[in-house]
Amino acid sequence: MWKLFFTFLIFASAIVLVFIIFQIALLGDFYRTNKINRTNQLIYDVSDAIENQDIQDFTQNESLLLKNLEKISIDEEAAIYLYAKPYSSSIVGATNDTLIYKTISGGTFSKLDSNLIDEIWEKAKLTTYDKFYAIISVNPVPTFNQIQILDVNSSVRNLTRDLSSQNDSIMCCSFVRLSDGDEYLLVLDNKIIPVESAVATLKLQLTYIAFIVVVFTIVVAILISRYISKPLSVMNETAKLMAKGNYDVVFEGKGYQEVNELNQTLNNTIAELRKTETLRRELMANVSHDLRTPLTMIKGYAEMMQDIPGENNPENLQIIIDEVNRLNVLVNDMLDLSKISSKTIELHPQLYSITDNLIEIVDRYQKFQENNEFQFILNYDQNINVIADESKIDQVIYNFINNAINYSGNSKKIEINQIVDGSYVTISVRDYGVGIKKEDLVCIWDRYYRIDKGHKRSIQGSGLGLSIVKGILEYHNFEYGVDSKVGEGSTFWFKIPLKE
Ligand code: ADP
């Protein structure tokens with residue numbers, strides 16, 4: 001349980017750690033880099049828009065150019081300034097003031113000092129850069145020396161390094177030519193420096209989030225270890241008992257749906273194991289008893305015939321032969337059943353006339369019975385072909401008739417019926433004997449189930465007959481059943497689908 005808890009905690013902490021590293025430690029750089037990249041793109045876009053425009057366009061409020069610039073300024077939260085060359089006499093209305101145009105929104109400054117513009121201009125002209133960043137240290141007072149010019153194409157890394165001071169101002173500039181052929185200075189004030197305060201706020205927020213995530217993770221880890229591990233460890237203890245051969249345990253670790261389902265499955269499994277175990281014990285007891293009895297008889301009679309010359313007669317020999325036959329039946333039945341149980345039985349279905357087989361079987365019973373005490377009646381109205389494993393289905397019919405003979409009591413009438421009903425043919429064997437009690441009806445198909453447990457030896461049979469029948473019919477997917485009333489007799493039946 002604690003292992004799961006700690007694993008989960010370590011996993012969650014790793015996630016939070018990665019989150020902190022990426023978001024808190026790298027946030028400033030990421031934010032600034034992003035901003036610089038966007039500013040770089042912007043200076044190209046804006047200077048392209050302004051290049052070769054008429055100077056008049058900047059004085060007409062309704063001009064498309066101004067609308068366009070205003071839109072960019074709002075979208076990017078950047079102020080756009082256009083300055084004429086300082087002290088240039090060629091500028092309309094220019095005296096000391098060289099600002100030609102400024103967007104209404106955005107920007108840190110309402111207007112840049114014309115001296116400053118002059119200095120930027122002069123300093124930029126000393127370089128070959130057409131588009132550049134001007135970094136101005138405003139503290140204490142801007143001087144010529146405190147203006148630094150950097151190419152816009154210089155790597156973002158250089159720029160972010162140079163932007164280390166909170167007090168610096170940075171402007172992205174470009175020289176542009178208007179239609180009059182004069183050079184102007186385009187300045188973008190894109191608030192790169194104030195980013196720091198936004199980053200700081202975000203960092204604080206992220207720290208809170210990280211803290212909340214850690215607390216939340218701990219709570220979830222505790223809950224998970226309680227709801228997942230606890231029922232599983234309870235089940236594990238029960239399973240250990242089961243492994244030791246104790247099949248009386250009950251799985252009851254309560255938890256979420258999957259655990260409950262697993263409990264249910266394990267409880268069903270253990271119920272099956274219990275059944276198998278009981279069956280195995282019963283089987284051992286029955287097999288050893290059933291094998292021992294005929295063997296004892298054979299040994300006894302054989303010894304008697306050997307020791308007492310007068311006992312060496314055909315009657316005693318017949319008893320030995322009967323017992324050997326009984327053993328033979330038993331061993332064959334056991335073999336059949338083990339094949340059925342282990343599902344190694346192979347079916348060889350073929351088309352054949354079941355009516356012909358019924359006639360033959362009934363005929364055989366009639367011929368081979370001693371002093372004609374049983375009356376076998378076969379009812380059928382047409383010759384029917386079915387697809388099934390012929391010998392196995394014969395085995396089923398023999399089994400039903402043998403049982404009918406064995407449990408007929410005083411009534412000696414046995415009916416074998418073939419009834420065609422729609423797309424099925426139903427074969428049934430009816431006797432008018434002892435019948436079967438309602439509560440025994442389901443159990444008689446189980447191996448070694450005998451209603452009359454006390455008189456095992458009085459009736460021929462291994463006690464496996466009906467379970468073999470059940471196996472064969474289920475293998476064929478044929479419906480089967482029994483209708484019976486105590487004292488009135490029983491009807492054992494099965495249905496075979498007819499060939500189209
Ligand atoms: P067995 O070798 O004992 O006949 P079966 O599996 O064939 O074994 O039958 C199981 C039990 O079902 C029998 O012991 C008997 O109690 C009952 N049974 C089977 N057939 C009939 C029947 N025709 N009438 C009454 N009881 C029957």
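Start by selecting Asn477, which counts as exposed at 70% relative accessibility. Asn477 sits in the loop that links α11 to β12 (480-485). Check its backbone while you are there: phi is near 65°, a positive value in a residue other than glycine. Keep in mind throughout the tour that this is a predicted model.

**A second loop with positive phi**

Now jump to Asn52, in the loop between α2 and α3 (64-76). Here too you will find a residue other than glycine with a positive phi, near 65°. Asn52 is exposed, and its relative accessible area is 55%.

**Into helix α2**

From that loop, step back into helix α2 (residues 27-50) and select Asn40. Is Asn40 buried or exposed? With 13% relative accessibility, Asn40 counts as buried, because the cut-off for buried is under 20%. To see what Asn40 touches, show Tyr133 and Val152: these are its contacts once neighbours within four places in sequence are left aside.

**The long pairing of α7 and α8**

Next, colour helix α7 (residues 257-307) and helix α8 (residues 314-341); their axes come within 9 Å and cross at roughly 160°. So α7 is roughly antiparallel to α8, since angles over 145 degrees are counted that way. Turn the view until one helix lies over the other, and you can follow the left-handed crossing in which α7 passes α8.

Show side chains on both helices to see where they meet. On the α7 side, the residues in contact include Val287, Leu291, Pro294, Ile298, Tyr301 and Met305. Their counterparts in α8 include Leu317, Ile320, Val324, Leu327, Val331 and Met334. Which classes of residue make up the contact of α7 with α8? The tally is 18 nonpolar, one polar and two charged residues. If you would like to pick out members that are not nonpolar, select Asp290 in α7, then Asn316 and Glu323 in α8.

**Along α8 to α11**

Stay on α8 and bring in helix α11 (residues 465-476); the two pack at an angle of about 35°, with their axes 10 Å apart. This crossing, of α8 past α11, is left-handed. On α8, select Asp333, Asp336, Leu337 and Ile340; on α11, the residues they meet are Gly465, Ser467, Ile468, Gly471, Ile472 and Tyr475. The contact of α8 with α11 divides into five nonpolar, three polar and two charged residues.

**Salt bridges**

Side chains of opposite charge can pair when their charged atoms come close. How many salt bridges does the model have? The count comes to 15, and three of these make good stops.

- Return to α7 and select Arg280 and Glu277, whose closest N and O atoms are 3.0 Å apart. Both lie in helix α7, three residues apart, about one turn of the helix. Arg280 counts as partly exposed at 47% relative accessibility, whereas Glu277 counts as buried at 18%.
- Still on α7, find Lys299 and Glu303, which meet in a salt bridge with an N to O distance of 3.4 Å. Because they are four residues apart in the helix, about one helical turn separates them. Lys299 counts as exposed at 52% relative accessibility, while Glu303 is partly exposed with a relative accessible area of 38%.
- Then move to Glu183 and Arg177, where the closest N and O atoms of the salt bridge are 3.8 Å apart. Both ends are partly exposed: Glu183 has a relative accessible area of 23%, and Arg177 a relative accessibility of 41%.

**Last stop: strand β7**

Finish at Tyr352, in strand β7 (residues 350-353). Is this residue buried or exposed? Tyr352 is buried, with a relative accessible area of 6%. Draw a distance between its C-alpha atom and that of Val386: they are separated by 5.7 Å, although the two residues are 34 apart along the chain. Then display the surroundings of Tyr352: not counting residues up to four places away in sequence, it touches Asn357, Ile384, Asn385, Val386, Ala388, Glu390 and Ile393.

Conventions:
Residues are numbered from 1 along each chain as its sequence is written. This is a predicted model: local features need pLDDT of at least 70, side-chain atom pairs count only at pLDDT 80 or more; totals for chains, interfaces and linings use all residues. Side-chain values use heavy atoms; hydrogens and water are left out. Axes are lines fitted to C-alpha atoms, for helices over the stretch in contact, and angles run from 0 to 180 degrees between N-to-C directions. Angles under 35 degrees count as roughly parallel, over 145 as roughly antiparallel, 65 to 115 as roughly perpendicular and the rest as oblique. A crossing is left-handed if the near helix is turned anticlockwise from the far one by less than a right angle, and right-handed if clockwise. Contact means heavy atoms within 4.5 Å. Ala, Val, Leu, Ile, Met, Phe, Trp, Tyr, Cys and Pro count as nonpolar, Asp, Glu, Lys and Arg as charged, and the others, Gly among them, as polar. A salt bridge is a side-chain nitrogen of Lys or Arg within 4 Å of a carboxyl oxygen of Asp or Glu. Buried means under 20% relative accessible area, exposed over 50%, partly exposed in between (1.4 Å probe, protein chains only).
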